[in-house]
Amino acid sequence: MEQKKDKIIILSNVVASSASLQAKYGGIIPEQAAREQIKSIIPVIETALNASRLTLNDINAIAVAYGPGLIGSLLVGVETAKTLAYVWNKPLIPVNHLIGHFYANWISHPPNFPCIGLLVSGGHTDLILFTDHGKYKYLGGTRDDAAGECFDKCARLLGLSYPGGPEISKLAQKGKDTYQLPRPMINDGWDFSFSGLKTAVANLINTPEVKKSDYTSGVKGNLAASIQAAIVDVLVTKTIKAAKKYKVKQIILGGGVAANQELARKLKVQSEKLKVKLHIPPVNLCTDNAAMIAAAAFFIKPAKDPLKLQADPSLALKS
Ligand code: KG4
Ligand code: ZN
């Protein structure tokens, strides 16, 4: 990454994914993911350096996501970054993975403060009020399943592959929001809850009407559209309500579910009504990537004692 005036430019952004393994096993197996990461981390760093046409001398600092997340994966990243920072004699910048997701927005068109941030990933659904770099107030988050987890679990109930979010949204294009699914906690504070929605879907597909259909005549598409509509409705309603309450003029999104086109469409309509600017990263920067971590690092101080940095699987959002 490179910073020119107030713009952040990607020089290279290499992603190693075990998507084929995840599809085969229906999700991430933590130990297996960490083993794959050990194999790929050095080749990925080499590829990124080559693609950027930089040499070691051009690198100012090394940024690393140190939590929250799966401990095995975090350890591979943190220990590699510490080692490289030590042998290359570079500062080490620790980045909260969740904050990193929001900084994908600073790469193309940097937002202005204050703004409401909605983080929607496989493990998180969080609503945050940002007043400056490093200054934010946590408004609420999921009490059980995250939005992405709800997409993934509902997709599994429908016999779709992992990750389920893109599968449901593809199928939803062929259907209509016809089933009355619950919108949990839609008018209730800033927290979220999606596990009841998943249970409602499990019950719905076991009703004689749906079972008898054997998913023919567009039933599967209608189920997908109804699931997507329920999740999107909750996310949009609460985000817009927060923007109104805190009188912000900008909304920023982050996380894999921010790649959902229906979420983008509905949020755009509502934010235009409110004259609020909506920032959603390009699809490849919504899901996990290194560029967002490097972008966040431009606004974070380096670690005082890099060799003492520890991976923290349950790292909280703190200001
Ligand atoms: O942020 P992310 O790449 O990984 C972490 O969880 O940190 O998010 C992955 C999640 C998965 O649950 C996946 O189903 C969801 O993002 N996702 C989507 C879409 N693309 C990815 N959900 C809905 N619609 C999409 N187009
Ligand atoms: Zn993530």
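1. The four donor atoms around the zinc ion (ligand 2) subtend angles of 94 to 141°, and the arrangement is therefore irregular. A tetrahedral assignment would require every angle to lie between 85 and 135 degrees. For orientation, the ideal angle for four tetrahedral donors is 109.5 degrees. The reader should bear in mind that this is a predicted model.

2. Which residues coordinate the zinc ion (ligand 2)? The protein donors are His 97 and His 101, each through NE2, together with Asp 288 through OD, at 2.0 to 2.2 Å. Along the sequence, the spacing of these donor residues follows the pattern H-x3-H-x186-D. His 97 belongs to helix α4, whereas Asp 288 sits in the loop between α12 (283-286) and α13 (290-297), so this pair ties together parts that are 191 residues apart in sequence.

3. His 101 deserves separate mention. In addition to its role as a zinc donor through NE2, His 101 has a side-chain N or O atom 3.3 Å from an oxygen atom of ligand 1. Two backbone contacts to ligand 1 may be listed beside it: a polar backbone atom of Gly 122 is 2.8 Å from a ligand oxygen atom, and a backbone N or O atom of Gly 165 is 3.0 Å from an oxygen atom of ligand 1. Taken alone, ligand 1 exposes 550 Å², of which the protein buries 85%.

4. The surroundings of ligand 1 comprise 20 residues, and those that come nearest are Gly 122, Asp 152, Gly 165, Gly 256 and Asn 260. By class, this shell holds 13 polar, five nonpolar and two charged residues.

5. Where in the fold does the shell around ligand 1 come from? Helices α4 (97-103), α6 (147-157) and α7 (164-172) each contribute at least two residues. The greatest share comes from α7, which gives four residues. In terms of domains, at least three residues of the shell are drawn from each of domain 1 (2-102 + 286-299) and domain 2 (111-280).

6. Two cis peptide bonds should be noted when the backbone is inspected. One joins Gly 67 and Pro 68, with omega about -10°; Pro 68 is placed in the loop between β3 (62-67) and α3 (71-88). Another runs from Phe 113 to Pro 114, with omega near -5°; Pro 114 is found in the loop between α5 (105-108) and β5 (115-120).

7. A further backbone feature concerns Met 185. Its phi is near 55°, a positive value in a residue other than glycine. Met 185 is located in the loop between α7 and α8 (195-204).

Terms used
Residues are numbered from 1 along each chain as its sequence is written. Chains are lettered from A and ligands numbered from 1 in the order in which they are written. This is a predicted model: local features need pLDDT of at least 70, side-chain atom pairs count only at pLDDT 80 or more; totals for chains, interfaces and linings use all residues. Side-chain values use heavy atoms; hydrogens and water are left out. A residue is near a molecule or strand if one of its heavy atoms lies within 4 Å of it. A polar contact is a pair of N or O atoms within 3.5 Å; within protein, one must be able to donate a hydrogen and the other to accept it, and residues adjacent in sequence count only if both atoms are side-chain atoms. Accessible areas come from the Shrake-Rupley method with a 1.4 Å probe; for residues, only the protein chains shown count as cover. Ala, Val, Leu, Ile, Met, Phe, Trp, Tyr, Cys and Pro count as nonpolar, Asp, Glu, Lys and Arg as charged, and the others, Gly among them, as polar. Domain bounds come from an automatic or database domain assignment. Donors are N, O and S atoms within 2.8 Å of the metal (3.2 Å for Na, K and Ca); water is not among the atoms, so sites may look incomplete. Four donors count as tetrahedral if all angles lie between 85 and 135 degrees; four count as square planar and six as octahedral if opposite donors are over 155 degrees apart and all others between 65 and 115; anything else is irregular.
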